[in-house]
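Please open the structure in your viewer and keep the sequence panel visible beside it. The tour below goes from one selection to the next and says what is to be found at each stop.

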Amino acid sequence: MAVCSDNHYDPLSPPPAPLSRYESQKRRDWNTFGQYLRNHRPPLTLSRCSGAHILEFLRYLDQFGKTKVHAPCCPFFGQPHPPAPCPCPLRQAWGSLDALIGRLRAAFEENGGPSDTNPFATRAIRLYLRDVRESQAKARGIAYDKKKKRGRNANTNTTTNKPLRHHLDLH
């Protein structure tokens, strides 16, 4: 049932389609961020929110993280599978933060925020995410290789610069 303009249910209207997993998560993230702004001391409005406030929010979320990030002084620093427990802190994983910022960036604009002042799209946020990715990769001994951009001719093999053959040669 759908709601009519006078707040009565209309049995002839189809119910609204359920939200996708992504849309549901984006709504939850947006509500969580709104709650963070309301609980901030002093309380913040979205219009006065800057990239610095977003960084503060991301650091606040670290306390709920589940990813062990070894400190450089830890004997397990750089080991992807440490053999024993250690006192290093749990943090939010880089991939989780990156996805969160993407959803909040979209939600900001969907909720009327102008794209040119989107605090989730600032350079400071991009640099912070890059630093988190690099530090977590070093702490676990995992290299994140930057993907190489494809050349102008996508139909050539990048190692030999010869045209790629289709998987069936019909001679």
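Helices (H or I, at least four residues) and strands (E, at least two) are taken as DSSP runs and numbered from the N terminus. This is a predicted model, in which local features need pLDDT of at least 70 and side-chain atom pairs count only at pLDDT 80 or more, while totals for chains, interfaces and linings use all residues. Residues are numbered from 1 along each chain as its sequence is written, and side-chain values use heavy atoms, with hydrogens and water left out.

**The whole chain**

Begin with a cartoon of the entire protein, whose secondary structure comes to 4 helices and 4 strands; from the N terminus on, the elements follow the order β-β-α-α-β-β-α-α. Of its 171 residues, 29% count as buried, where buried means under 20% relative accessible area, exposed over 50%, and partly exposed in between (1.4 Å probe, protein chains only). If you switch to a surface, about 13000 Å² is exposed, and carbon and sulfur atoms supply 54% of it; such accessible areas come from the Shrake-Rupley method with a 1.4 Å probe, and for residues only the protein chains shown count as cover. Contact means heavy atoms within 4.5 Å, and among the contacts in the protein with a separation of 6 or more, residues 24 or more positions apart account for 52%.

**Helix α3 and its neighbours**

Next select residues 94-110, which form helix α3, with 17 residues and a reach of 24 Å from the first C-alpha to the last, close to the 24 Å expected at 1.5 Å a residue; the expected span of a helix is 1.5 Å times one less than its number of residues. Show the side chains of L97, L100, I101, R103, L104, A107 and F108, which are buried in this helix. The buried residues of α3 pack against α1 (21-39), α2 (51-61) and α4 (123-140). After the helix comes G112, whose phi is positive, near 95 degrees.

Now move to α2, where G51, H53, I54, L55, F57, L58 and L61 are buried, and where the buried residues pack against α1, α3 and α4.

**The largest pocket**

With these helices still displayed, turn to the largest pocket, in which about 420 Å³ of space lies. Of the 16 residues that line the largest pocket, the closest to its centre are D29, T32, L61, Q92 and L100. The elements that give two or more residues to this lining are α1, α2 and α3, and α1 gives the most, with 6 residues. On a 1 Å grid over the protein atoms alone, a cavity is a set of points where a 1.4 Å probe fits but cannot get out, whereas a pocket is an open set with protein on both sides within 12 Å along at least five of seven lines, and lining residues have an atom within 4 Å of a point. Grid points are joined across faces, edges and corners, and a volume is the space filled by probe spheres set on the points.

**From α1 into the loop**

Stay on helix α1 and pick G34, which is located there and is buried, with a relative accessible area of 17%. The C-alpha atoms of G34 and L44, 10 residues apart along the chain, are separated by 9.2 Å. Then select P42, in the loop between α1 and α2, and inspect the peptide bond from R41 to P42, which is cis, with omega near -5 degrees.

**The cysteines**

How many disulfides does the structure hold? There are 0 disulfides, a disulfide being a pair of cysteine sulfur atoms within 2.5 Å. Select C74 and C88 together: the sulfur of C74 has its closest cysteine sulfur in C88, at 3.6 Å, which is too far for a bond. C74 is buried, at 9% relative accessible area, and C49 also counts as buried, at 9% relative accessibility.

**α4 and the segment after it**

Finally, go to helix α4 and pick R130, which is partly exposed, with a relative accessible area of 40%. The C-alpha atoms of R130 and D98, 32 residues apart along the chain, are separated by 9.3 Å. In the segment after α4 lies G141, which counts as partly exposed at 45% relative accessibility. G141 touches G78 and Q79, not counting residues up to four places away in sequence, and its C-alpha atom is separated by 7.5 Å from that of F77, 64 residues apart along the chain.
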